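Me: I have a model open and want to go through its side-chain contacts and one of its helices. Can we take them one at a time?

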Amino acid sequence: MQLYNSATHQKEEFIPHEPGKVSMYTCGPTVYHFAHIGNLRTYMMEDVLEKYLRYAGYDVTRVMNITDVGHLSSDADEGEDKMLKGARREKKTVMEIAKFYTDAFFADCEKLNIKTPDIVQPATGCIDEYIHLIETLMEKGYAYEAGGNIYFDTSRLEKYYIFNDFKEEDLDVGVREGVEADGNKRNKADFVLWFTKSKFDDQELKWPSPWGVGYPGWHIECSGISMKYLGDTLDIHCGGIDNAFPHHTNEIAQSEAYIGHPWCKYWVHVLHLNTTGGKMSKSKGEFLTVSLLEEKGYDPMVYRFFCLQSHYRKSLVFSWENMDNATIAYNKLITRIAALNPDSGEAVDETAYESLREGFVKALDNDLNTSLAVTAIYDVLKAKVNDATKLALLSNFDTVLSVGLLDHAAALREKQAAERAAAEEAKRAAAEAEAAAAAADPFVAEILAAIEARKAAKKAKNFAEADRIRDELAAKGVTLTDTAQGTTYTIN
Ligand code: AMP
Ligand code: ZN
């Protein structure tokens, strides 16, 4: 498989450290609010990557953190803890907020068919690991204490910027307006490993440490959790593109300083989902959540389908119009699949199966080209093979794409069968009602008998008799109308 590696700025052949095994770490949510559908685009693409690696035969171990402490309002260690802000907003404790939004996050993931990683670790559960890491960094001279906080000394590194060549002024990226820069830092790029002194001293969660009571920085959490579960080498590290700097850059700095050798081989970054107005936000404008999609009548599967139609390394624009178009395309696709016969009893055509599967594999082997993988679905539907082969292929593809191809088609088939049964029932009930009306009213019975006689006359091509019956009824004030469904009457 070819995978684009942000660290080397090129597509590379994916070769894990240990043959057949993949260790994968993905930065998890900061649980101070609901995830927006932009965040979920990132988790969804990571989910496809994990599932495709498993599909390709790798034994994958995937770890994800839950950030429940230390992620400040600005990624440059400034501002107050996002969790504290969330707790204050909702008049709850930080732990109540963390529990509520962690549950909400996994509920959203379930709706989008995003598998839960093998290991999910809240950041507050690994304080000892961070303290051990920081102590080692202090011993090795990579960290220093200033103004009560412990900082990583980026001047000790030969190369700090991995993903981009930043200029000094770029470092202001992420510093919120109105927040002063931290005067304790020896170098502008230095970052906090452990806080004991914060301008926001009402931090709710604090732990004792060799440097005083305090709390960890956000970046050290991901290094600590990754190394705890996956050891000191990592095959793939993922996140949204905004995580590349400073978060992942800092993770690499501290992890490699700690272990003394290269740490993670492949860095995979998902580009952002934007709105037509620009950056997606949890505070400005419409807060785009999975629940909002549902409230507006959109199936979360359609959102997944929409995301898969574009490449993860391209930013994607969300609009309601795009969702409408995706809904039409998705429904058409499901209708086509529902028309395939799941009970044909035919054998799968193995040769056709393998050659059609090749297209799918080729697409995903090429840096996870999901839009071409979606095209492979249509290629299957167009192919001249039996329904059993088509359904077997679609089921196979959906273990990776997870857009509900077969279950949604089965649901549609059931719905169509129920609708057919309801129409039959309505027809039967109408005939019954007519018969009952005829039985209750001799005049109606006479009209119905005449209609039947006229029908028989017409069938026998005795049109003179048919006309005579019509005229006879007309004389009694009954008008006949011939329709495609049969003859109806009105009594004038
Ligand atoms: P957060 O909960 O803010 O830590 O973000 C969770 C994940 O979503 C991270 O991997 C971010 O890089 C990613 N992310 C943030 N904004 C977007 C966006 N608009 N589109 C895609 N991914 C995003
Ligand atoms: Zn992280």
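Me: Which residue's side chain meets that of Arg62 in a salt bridge?
Reply: This is a predicted model. The N to O distance of the pair is 2.8 Å. A salt bridge needs the nitrogen and the carboxyl oxygen within 4 Å. The partner of Arg62 is Glu50.

Me: Which elements hold Arg62 and Glu50?
Reply: The two residues are 12 apart in sequence, so their pair ties together separate parts. Glu50 lies in helix α1, and Arg62 in strand β4.

Me: Is Glu50 buried or exposed?
Reply: Buried means under 20% relative accessible area. Arg62, its partner, is at 1% and counts as buried. Glu50 is at 0%, so Glu50 is buried.

Me: Which residues are linked with Glu50 in a network of salt bridges?
Reply: The whole structure has 26 salt bridges. Some of them link up into a network that includes Glu50 and Arg62. Its other members are Glu46, Arg54, Lys115 and Asp118.

Me: How many residues apart are Arg304 and Asp47?
Reply: Arg304 and Asp47 form a salt bridge, with the closest N and O atoms 2.9 Å apart. Both residues are buried. Arg304 lies in helix α8 and Asp47 in helix α1, distant parts of the chain. The separation is 257 residues.

Me: Lys296 forms a salt bridge with Glu286. Over the face of which residue does Lys296 lie?
Reply: The salt bridge has an N to O distance of 3.4 Å. Lys296 is at 41% relative accessibility and counts as partly exposed. Lys296 also lies 4.7 Å from a ring centre. That ring belongs to Trp320.

Me: Which residues are linked with Trp320 into a cluster by ring pairs?
Reply: The structure holds 25 aromatic pairs. Ring pairs join Trp320 to a cluster. The other members are Tyr298, Tyr303, Phe306 and Phe318.

Me: How do the rings of Phe14 and Tyr58 pair: stacked or edge-to-face?
Reply: Their centres are 5.6 Å apart. The planes stand at 80°. Planes over 60 degrees apart count as edge-to-face. The pair is therefore edge-to-face.

Me: Is Tyr58 buried or partly exposed?
Reply: Phe14 is buried, at 2% relative accessible area. The cut-off for buried is under 20%. Tyr58 has 21%, so Tyr58 is partly exposed.

Me: Which helices hold Tyr43 and Phe105?
Reply: Tyr43 and Phe105 form an edge-to-face pair, 5.0 Å centre to centre with 75° between the planes. Both are buried. The pair ties together parts that are 62 residues apart in sequence. Tyr43 lies in α1 and Phe105 in α3.

Me: What span should helix α10 have?
Reply: Helix α10 runs over residues 350-365, which makes 16 residues. The rise is 1.5 Å a residue, and its end C-alpha atoms are 22 Å apart, which agrees with the expected span. That span is 22 Å.

Me: Which helices are included in what covers the buried residues of α10?
Reply: Residues three or four places apart in an α-helix point the same way, because there are 3.6 residues a turn. Among the buried residues of α10 are Tyr353, Leu356, Phe360 and Leu364. The cover includes α1, α11 and α12.

Me: Which residue's backbone nitrogen does a side-chain oxygen of Asp349 reach?
Reply: The contact is at the start of α10. The oxygen comes to within 3.2 Å of the nitrogen. The nitrogen belongs to Thr351.

Terms used. Residues are numbered from 1 along each chain as its sequence is written. Chains are lettered from A and ligands numbered from 1 in the order in which they are written. This is a predicted model: local features need pLDDT of at least 70, side-chain atom pairs count only at pLDDT 80 or more; totals for chains, interfaces and linings use all residues. Side-chain values use heavy atoms; hydrogens and water are left out. Helices (H or I, at least four residues) and strands (E, at least two) are DSSP runs, numbered from the N terminus. The expected span of a helix is 1.5 Å times one less than its number of residues. Buried means under 20% relative accessible area, exposed over 50%, partly exposed in between (1.4 Å probe, protein chains only). Contact means heavy atoms within 4.5 Å. A polar contact is a pair of N or O atoms within 3.5 Å; within protein, one must be able to donate a hydrogen and the other to accept it, and residues adjacent in sequence count only if both atoms are side-chain atoms. Rings of Phe, Tyr and Trp (its six-membered ring) pair if their centres lie within 6.5 Å; planes under 30 degrees apart count as stacked, over 60 as edge-to-face and the rest as tilted. A charge sits over a ring if NZ of Lys or CZ of Arg is within 6 Å of the ring centre and within 35 degrees of the ring normal.
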